[in-house]
Amino acid sequence: MSTHLSTTAAAARHLRPSLREATDEPRLIVVSNREPYRPRMEDGATGWKRTTGGLVSALEPLVRRRNGTWIAWSPGAERRIVRSRVPGDGASFAMLQVPLSSDEVERYYEGFANGALWPLFHSFVDRCRFECDHWEEYRRINERFADVLVEEADDEALVWIHDYHFCLLPRLARERGCSAPIAYFCHIPFPAPEIFQLLPWRRAVLAGLLGADLIGFHCISYARHFVASCRQFLGADVSLDGGTVVFEGRRSRVVAAPIGIEVQEFESLSRDPAVVARSLEIRERLGAEKVILGVDRLDYTKGIAARLQAIDELFERHPEHRRRVTFVQVAVRSRSRIPEYQETKQRVDELVGRINGGYGDAEWQPIRYSNDGLEREELVAYYLACDVCLVTPLRDGMNLVALEFCACRTQEDGVLVLSEFAGASELLDGAALTVNPYAVHEMAEALHQSIVMPHAEQERRMRRARRRVTKHDVHHWVEEILSAVPRRRRRLVEQGMSVG
């Protein structure tokens with residue numbers, strides 16, 4: 001058994017999938033938590049509205065081109081699976097909506113996925129809630145999706161499963177006879193073995209993922225953690241250098257492939273005269289010489305409270321920035337029924353009030369705070385209006401805000417202050433000002449440095465960032481993953497697949 005878990009360049013190269021030219025395109029079946037489209041009424045007729053997000057933008061054209069199917073769950077849908085044909089540019093594609101009741105959403109999604117796996121994978125062990133009924137519901141929902149997937153996927157299809165909501169699905173699909181190649185991608189971090197071992201059902205989750213032929217992560221460290229956990233908790237034969245795990249006769253390839261964004265779309269919007277004009281309006285309304293921007297979901301993993309404390313310390317230690325600098329924080333409400341998220345909102349609200357009360361006056365507020373989401377054009381206008389983008393999650397799988405900001409800065413100015421615990425820091429190494437988000441004083445000094453940074457250094461850093469963001473766009477990510485999936489599933493040597 002190979003257990004060499006080094007961090008050598010050779011190991012890193014093997015964990016990066018090599019691109020190869022496809023000779024044919026199998027039918028693509030995508031499974032994700034979110035629906036790519038939602039029905040809406042238009043002039044008395046049912047139409048379709050595309051949901052936002054990089055995953056939909058990246059995969060929808062492929063699903064259309066490959067005569068594919070998108071399987072997702074739909075809260076509040078009819079108590080039957082709904083199959084729809086979604087029209088659009090080019091070919092239509094099939095969408096299967098798997099219905100979940102409110103009780104199922106509470107136990108499966110809010111209870112286990114976001115009450116156990118989300119905090120565990122982000123290394124927030126004190127926030128984990130491991131409840132047996134939540135686990136059982138999670139397993140039942142994964143079984144329901146496995147039944148749907150097996151009906152849909154023939155041998156000529158390629159299945160691509162996304163994220164922590166479906167860790168059991170690859171194995172469950174195999175148990176039900178699915179012989180199509182399966183790829184799985186984890187969009188959040190994967191924790192070190194000493195953290196992952198806290199999960200009572202760790203063996204079942206690992207074995208579930210190993211039903212896939214290809215398992216992808218954003219960063220080499222996440223892939224390494226997964227491989228090490230497979231060795232430690234399953235006794236699997238692993239090779240980090242080769243990026244493989246062999247368990248019960250099945251060989252699964254493990255790769256690190258950072259997701260990207262639609263760079264051309266963001267660049268085009270950043271040059272749109274209406275968006276540019278809006279950015280000038282934002283700037284004039286704020287009335288500040290320098291603008292710092294934060295854009296996040298209101299989630300405890302995003303480090304918004306610590307970020308606000310750093311803003312407080314910036315004004316305390318560098319009073320010359322008072323009345324000259326304004327911090328804009330957009331924190332979109334998320335999972336508001338979960339107690340931990342309610343507590344996060346209360347803490348952030350309190351900090352904003354205290355800081356504005358301590359430094360602000362009738363003419364200047366140090367912090368402009370909003371919980372409203374921004375449409376794409378408005379978001380780009382804010383990216384253009386700011387001088388500094390502050391992206392400091394306590395832990396994050398990738399963080400696309402960092403990439404979007406860089407894509408929009410076509411003039412190669414502006415500064416990105418980035419947490420070292422965001423996956424994007426691996427991609428943007430040396431281009432951003434990297435900080436430890438737990439060190440408030442360090443963030444405050446990085447903010448000061450970014451405010452006074454000479455234009456030449458801004459230009460050097462941003463040029464480097466934009467090169468990397470452009471090279472590793474979302475289309476490159478899709479090609480990396482799909483080119484690494486074996487064309488035919490490797491046959492099992494052993495058929496016994498029961499793991500507790």
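**Exercise 1. How many helices and how many strands does the protein chain have?**

Solution. The model is a predicted one. Count the elements along the protein chain: there are 18 helices and 18 strands. Then turn to burial. Of the 500 residues, 59% count as buried. The accessible surface comes to about 20200 Å². Carbon and sulfur atoms hold 46% of that surface. Finish with the contacts between residues at least 6 apart in sequence: 76% of these join residues at least 24 apart.

**Exercise 2. Find where pLDDT is below 50, and decide how to read those stretches.**

Solution. Start with the whole chain. Its mean pLDDT is 89, and 88% of the residues reach 70 or more. Next, go to residues 1-10, where the pLDDT is below 50. Beyond near neighbours in sequence, this stretch has 21 contacts in the model. Now take residues 489-500. Here pLDDT stays under 50, and the model has 35 contacts beyond four places in sequence. Last step: where pLDDT is low, predicted coordinates should not be read in detail.

**Exercise 3. Trace the six-stranded sheet and identify its edges.**

Solution. Write down the strand order: E15-E14-E13-E16-E17-E18. The sheet is open, and its pairing is parallel. Look at the two ends of that order. Strand E15 (367-370) and strand E18 (433-435) each have a single partner strand, so one side of each lacks a neighbour in the sheet. Check the twist next. Neighbouring strands are turned by 20° against each other on average, direction ignored.

Now zoom in on one edge. E18 pairs with strand E17 (residues 415-419) in the parallel sense, over three bridges. Within this pair, Val-417 stands opposite Leu-433 in E18. As background, strands of a sheet pair through backbone hydrogen bonds.

**Exercise 4. Which residues have the most contacts inside the largest nonpolar core, and which helix gives the most to this core?**

Solution. The largest nonpolar core has 74 residues. Those with the most contacts inside it are Ile-71, Phe-145, Leu-149, Ile-161, Phe-196, Phe-217 and Phe-226. Helix H3 (residues 102-121) gives the most to this core, with ten residues.

Follow one of these residues outward. Leave aside residues up to four places away in sequence. Ile-161 then touches Val-31, Leu-149, Phe-166, Leu-169, Pro-170, Ile-182, Ala-183, Tyr-184 and Phe-185.

Then look for a separate cluster. Another core, of 69 residues, lies apart from the largest one. Among its residues are Leu-403, Leu-418, Met-462 and Val-485. In soluble globular proteins, nonpolar side chains tend to be buried together.

Key
Residues numbered from 1 in each chain as written. Predicted model: local features only at pLDDT ≥ 70, side-chain atom pairs only at ≥ 80, totals over all residues. Heavy atoms only, no water. pLDDT = per-residue confidence, 0-100. Contact = heavy atoms within 4.5 Å. Pairing = 2+ DSSP bridges. Helix = DSSP H or I, 4+ residues; strand = E, 2+ residues; numbered from the N terminus. Axes fitted to C-alpha atoms, helices over the stretch in contact; angles between N-to-C directions. Buried < 20%, exposed > 50% of the residue type's maximum accessible area, 1.4 Å probe, protein only. Areas by Shrake-Rupley, 256 points an atom, 1.4 Å probe, with all protein chains shown as cover. Core = buried A, V, L, I, M, F, W, Y, C linked by side-chain atoms within 4.5 Å.
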